[in-house]
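Student: I should like to learn how to read individual residues in a model of this kind. Could we proceed feature by feature?

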Amino acid sequence: MAGDVKHDYHLVDPSPWPIVGSIAVLFLAIGAVFSMKPDATLFGVEGANFGSYLLVVGFLGVLYTMYAWWKDVIKEAEQGDHTPVVQIGLRYGMILFIASEVMFFVAWFWAFFNASLYPAAPIPNFGDFWDLVTTDAPWPPEGIEVFDPWHLPFMNTLILLLSGTTVTWAHHALLEGNRDGLKKGLWATVLLGVAFTCVQVYEYDHAAFAFSGSIYGATFFMATGFHGFHVLIGTIFLIVCLFRSYAGHFKTDHHFGFEAAAWYWHFVDVVWLFLFFAVYIWGGQ
């Protein structure tokens, strides 16, 4: 019959979200620039006010685009559009995304190791760049009181390791058709993710050093802070999966949305282990 689909690939319907998301990101970028340049003006409006408004509009636009676009993807999955061939493409996409995230964190680890292995002594009016490359400067810098790795950092390590086991429990429960176990495992993982975030907020609040003032503070907060942001994103990811499980989504042989969340969460766990041993233990000596 004419018009019948004779292939396994899903040809998506025309969607407004790519262009809407692009405009929202443009507003977000322009708003950020003008917020950081308060003396600038555009159409007679001061940059600070104009930038703040545009920043909020762009941010809300990005959030709504993410919500609406992923809602459409979930709808496609539940309609059966995600055939086995399409799921392979989704898996490759998630693998490449996590690989890009790995390289993102490589940059922060690189910055931390570069600063710790080759600490630059403050040399006023230096003429040659290589004059800064010296191992005479102490690490951590003098006056920096680092965290005890076996206190809050170790507690957060145990929390994340435990959360890795609970999300695996949820996955195996789903594979066995045990939806009650799936929900319990997701609940436990979400609560552990929230607990990790709360402990890290408390840790930041009681830090004896600031982001500014030393390369140690800058690299520490950038590396651990971005990891904390990824934990927050992963927690939201799992909360969506929890809601979907109550809605009756996910089948034993068709649940890539949950698999992607589990992969992401295990990635977050592994990054934290590297942070704990490299930044807290080795870097705090």
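Student: Which residues does Ser116 touch, not counting residues up to four places away in sequence?

Tutor: Please bear in mind that this is a predicted model. A contact here means heavy atoms within 4.5 Å. With sequence neighbours up to four places away set aside, Ser116 touches Trp139 and Trp282.

Student: Where does Ser116 lie, and what does its side chain reach?

Tutor: Ser116 belongs to helix α3, which covers residues 84-117. Its side chain reaches the backbone oxygen of Phe113 at a distance of 3.2 Å. In addition, the C-alpha atom of Ser116 is 9.0 Å from that of Ile215, although the two residues are 99 positions apart along the chain.

Student: Is Ser116 buried or exposed, and why?

Tutor: A residue is called buried when its relative accessible area is under 20%. Ser116 counts as buried because its relative accessibility is 9%. Across the chain of 285 residues, buried residues make up 37%.

Student: How should one read the phi angle of Phe250?

Tutor: The general idea comes first. Most residues other than glycine have a negative phi. Phe250 is not a glycine, yet its phi is positive, at about 75°. Phe250 sits in the loop between α6 (215-246) and α7 (256-282). With 4% relative accessibility, Phe250 also counts as buried.

Student: What is the overall pattern of the chain, read along the sequence?

Tutor: The chain has seven helices and two strands, and these follow the pattern α-β-β-α-α-α-α-α-α. Of the contacts with a separation of 6 or more, 72% involve residues 24 or more positions apart.

Terms used:
Residues are numbered from 1 along each chain as its sequence is written. This is a predicted model: local features need pLDDT of at least 70, side-chain atom pairs count only at pLDDT 80 or more; totals for chains, interfaces and linings use all residues. Side-chain values use heavy atoms; hydrogens and water are left out. Helices (H or I, at least four residues) and strands (E, at least two) are DSSP runs, numbered from the N terminus. Buried means under 20% relative accessible area, exposed over 50%, partly exposed in between (1.4 Å probe, protein chains only). A polar contact is a pair of N or O atoms within 3.5 Å; within protein, one must be able to donate a hydrogen and the other to accept it, and residues adjacent in sequence count only if both atoms are side-chain atoms.
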